[in-house]
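Trainee: I would be grateful for a close look at a single part of this structure, the sheet and whatever packs on it. Please take me through it in order.

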Amino acid sequence: MLQKFLSSKLYKSLGIALSLLLFPATGVQTAVAADRIYATYGAFESSVAIENLAEFAKTGEIEGGLIDYARRLTPAQLARLRDILTAPVDLSPVAISQFLYSSIGETLLQRLGQLIRTEAREPGFYAIRSALILAAAENRQGFTLLDVLRQFPTNGIRVNLGQSLEIVEELQAVINRTNEAIALVQRQSAAAAINQQPANFSQLPDLRQRGSFTWTKRTLELYDSSRDRAFIADFYLPQKAGGRRQEAEGRQGRQFRIPNSEFRIPIIVISHGLGSDRNTFRYLAQQLASYGFAVAVPEHPNSNAEQLRSLLNGRATAVTPPREFINRPLDVSYLLDVLAQLNRADSSFALNLQQVGVVGHSYGGYTALALAGARLNFDQLQQECQNLGETFNLSLLLQCRTLELPRTEYNLRDKRIKAAIAINPIGSSLFGKAGLSQIKIPVTIASSSEDKVAPALPEQILPFTWLTARNKYLLLLAGGTHFSAADKSDPGSEPLPIPESVIGPDPALARGYLGAWSVAFFETYIATSQQYRPYLSADYARFISQPPLTLSLVQSLPLDNLTQ
């Protein structure tokens, strides 16, 4: 819910309006409603009538106090402002209310309320929440920013321009540091590609394409009595060829494995992100199954799409409970226990429960890292969460909820996990350097340059340098977003549909990259097929990379340069 609300048109409209120095304006629909926006900067104050904004939104005419502001904006910015004022937001009053009364929603309101204040200069926390809920209630077919302004429950809205400009400057500094880090990764990747012994990938199998295996799929219903927790998991099992060991001629001449009575099938587990489900990475499960891996995809209750629907419908009071940080890794371990039981009872499974890989996205990325051996670091998290209202790392709003858990030693590592891929993971403060340095197995961290939910620099690039594992990789998707690798092509399955602009350009390209990398990574470190190792190179990343999403790969970063 957090990542999808923060990606919504409404939340973006508020932020863009701030950057244009024109924060929410209101008309008159309630008994008390704002008729002017007051912009204050020290002793200076100016105002714009809500009526002028409404007329501008309707006809494009610039009148009254808006004339002075319009002189400071380009035609493109004016056009954007007009779109912002009238863009519809399709969220019910229950959905708005449920989110804004959650702990994460209230944290966002507290920060926004320091910038947007009532006429009496009181923080706008309650006024903003009231205006949003009433606007949604009065406009069931979709409300606009102007509708929100018309519901603001005071005669005037005051915007602190001085504080707003400070935030803009801080944000720009964060963006600059992120861009410098991304450029460093790209330079290091390009240099590595030049220095590596080249492989003729045009003559090798294209791992972006499906492999030669068919598979069966079944849905397991699980119940862990020790936690009183029921959940389901999809299980993809590659099919044997004639019941004996064979070698099949793969694409372009490469030999592929086919399991037999002597061969034990390695397993990959995929953990979805917050507000998603087991179908989000179905494409990746099928890709891995087509190369001979058994794939298990659990659906984590209390952090899945159904939890988000419950929140939107008023059946839940939180985006996700803090205990999910513990339950998610335990779901995977319990699933592996069940698969071990099925393996003993049914010889057709032929699973290798000691060679397991894990993939996770976002919250699932945290799950993968915890299973790989990262340890929770409550001391660092306590320190990082003290100034939560000042951070631009929105994933901290979720990470800091872990402080509500009992302080104890949580050992979430599963020794059956032998390699991990974390896609856009969160956990920089939750694990910290001390926690992530505990990982000793091969690990990949995948990052996206345009990730606004789990920002690349604090959540992936810096944490990558804290890893001490011998085999570690950082994949960087330039132009990618938090949702580039997730399959959001079925809007009917999404509790809160994500706009295409938020998913980013060409998600099919991103999924192709991830599919190819996952096959090569797990073939090398889980199936121990060393012929796939050439794919784990900057040279291969360069070979498959294409616009609008370019791919870089590094295995180390000069920390001094990154820190500087």
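**The sheet and its helices**

Mentor: Nine strands form an open sheet with mixed pairing, in the order S5-S6-S10-S9-S11-S12-S13-S14-S15. Its edges are strand S5 (215-224) and strand S15 (550-554), each of which pairs on one side only. Averaged over the sheet, neighbouring strands are turned by 20 degrees against each other, direction ignored. Strands here are DSSP runs of E with at least two residues, helices are runs of H or I with at least four, and both are numbered from the N terminus; two strands pair if DSSP finds at least two bridges between them. The model is predicted: local features need pLDDT of at least 70, side-chain atom pairs count only at pLDDT 80 or more, and totals for chains, interfaces and linings use all residues. Residues are numbered from 1 along each chain as its sequence is written, and side-chain values use heavy atoms, with hydrogens and water left out.

At the S5 edge, S5 and strand S6 (residues 229-238) are joined by 10 bridges in the antiparallel sense. Within this pairing, tyrosine 223 has alanine 230 of S6 as its bridge partner. Helix H11 (residues 282-289) packs on the sheet, touching (heavy atoms within 4.5 Å) S5, S6, strand S9 (265-271), strand S10 (294-298) and strand S11 (351-361). The direction of H11 makes about 40 degrees with that of S6; axes are lines fitted to C-alpha atoms, for helices over the stretch in contact, and angles run from 0 to 180 degrees between N-to-C directions. Helix H20 (residues 507-525) also packs on the sheet, where its contacts include strand S12 (417-423), strand S13 (443-448) and S15. The direction of H20 makes about 165 degrees with that of S12.
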